[in-house]
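Hi,

As promised, here is the structure we talked about. Have a look at it first, and then read on for what turned up.

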Amino acid sequence: MVSKPSYLLIVVLLAALAAIGLITWVAWTLTRPAPRVQVGDVRTVAVAPTVKIGGPFTLVDHTGMTVTDATWRGKLLLIYFGYGFCPDVCPTELQIMSGALDALGEDAARVQPLFITVDPERDTVEFLADYVSHFHPSLVGLTGAPEAVNEAATAYRVYHKKAVEDSATDYLVDHSSFVYLMGPDGNFLTMFNTGTDPRTMAQTILSYLK
Ligand code: NI
């Protein structure tokens, strides 16, 4: 038979073990690293599978030619919506796209980068011809009538709205900022968040080219 003090000792020991276990678990929970996202695993961008992204458009390129979404069938399309007067986000994203294309080397020939304006009033054919020349040589700028631009933006679920309007020609445009990757038959493949690393973008594009 176990004496009463021994019972007490066992209870205290069990309580101490439970406390140590709890503290260890809490410490582990607080210090464990966040789940790692594999390089090139940008396909995990949250897109509800039922939301259709992309669709037909008819616009004018920076050389004045009328083009449609079917103009580059057989190539992957890397599409960004923005505007030429954007002070920061748009140039940064276009540089990222250019960096990704450079990282692709010869495979970049199978990818058509497009910059579609959401500010057709200021982003004319002439303006875009100069603008796109500051980025990648294969970058094509697209503009058009406001209704045509709206149709394209709507198809890609792009939000855009004039903001901070100082005058008719001096204003900012709020807009969503994703880079869309479309397949050779025009189907949506994936999209990249703002600030995606160019090499990560290139690796993901390459995974769809194989
Ligand atoms: Ni922008």
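Let me start with a loop residue. Arg157 has a relative accessibility of 49%, so it falls in the partly exposed class, given that exposed starts over 50%. You'll find Arg157 in the loop that runs between helix H4 (146-155) and strand S6 (160-163). What caught my eye is the backbone: the phi of Arg157 is positive, about 60°, even though the residue is not a glycine. For background, most residues other than glycine have a negative phi. Do keep in mind that this is a predicted model.

Now the overall layout. The chain has 210 residues, and 40% of them are buried. It holds five helices and nine strands, and reading from the N terminus the order is α-β-β-β-α-β-α-β-α-β-β-β-β-α. Of the contacts between residues at least 6 apart in sequence, 70% join residues at least 24 apart.

Next, the metal site. Which atoms coordinate the nickel ion? They are SG of Cys86, SG of Cys90 and NE2 of His175, at 2.0 to 2.2 Å. Along the chain these donors follow the spacing C-x3-C-x84-H. Cys90 sits in helix H2 and His175 in strand S7 (residues 172-175), so this pair, 85 residues apart, ties together distant parts of the chain. Both Cys90 and His175 are buried.Helix H2 also takes part in a helix pair. H2 (residues 89-104) packs against H5 (residues 198-209) with the axes 8 Å apart and an angle of about 55° between them. The two are therefore oblique to each other, and their crossing is right-handed. On the H2 side the contact involves Ile96, Met97, Gly99, Ala100, Ala103 and Leu104, and these meet Pro198, Arg199, Met201, Ala202, Ile205 and Leu206 of H5. By type, that contact breaks down into ten nonpolar residues, one polar and one charged.

One more residue from H2: is Gln95 buried or exposed? Gln95, which lies in that helix, counts as exposed because its relative accessibility is 53%. Its C-alpha atom is separated by 6.4 Å from that of Phe135, with the two positions 40 residues apart along the chain counted as their separation.

Two other loop residues are worth opening in your viewer. Thr194 is in the loop between strand S9 (188-193) and H5. With a relative accessible area of 44%, Thr194 is partly exposed. Leaving out residues up to four places away in sequence, Thr194 touches Val89, Glu93 and Ser177. From Thr194 to Ile96 the C-alpha distance is 9.2 Å, and the two are 98 residues apart in sequence.

The other one is Asp119, in the loop between strand S4 (111-117) and helix H3 (125-132). Its relative accessible area is 3%, so Asp119 is buried. What does Asp119 contact, leaving aside its neighbours within four places in sequence? The partners are Gly82, Tyr83, Phe85, Tyr171 and Val173. For Val173, the C-alpha atom is 7.6 Å from that of Asp119, and the two residues are 54 apart along the chain.

Cheers

Methods: Residues numbered from 1 in each chain as written. Predicted model: local features only at pLDDT ≥ 70, side-chain atom pairs only at ≥ 80, totals over all residues. Heavy atoms only, no water. Axes fitted to C-alpha atoms, helices over the stretch in contact; angles between N-to-C directions. Helix = DSSP H or I, 4+ residues; strand = E, 2+ residues; numbered from the N terminus. Parallel < 35°, antiparallel > 145°, perpendicular 65-115°, else oblique. Left-handed = near helix turned anticlockwise from the far one by under 90°. Contact = heavy atoms within 4.5 Å. Nonpolar A, V, L, I, M, F, W, Y, C, P; charged D, E, K, R; others polar. Donors = N, O, S within 2.8 Å, 3.2 Å for Na, K, Ca; no water. Buried < 20%, exposed > 50% of the residue type's maximum accessible area, 1.4 Å probe, protein only.
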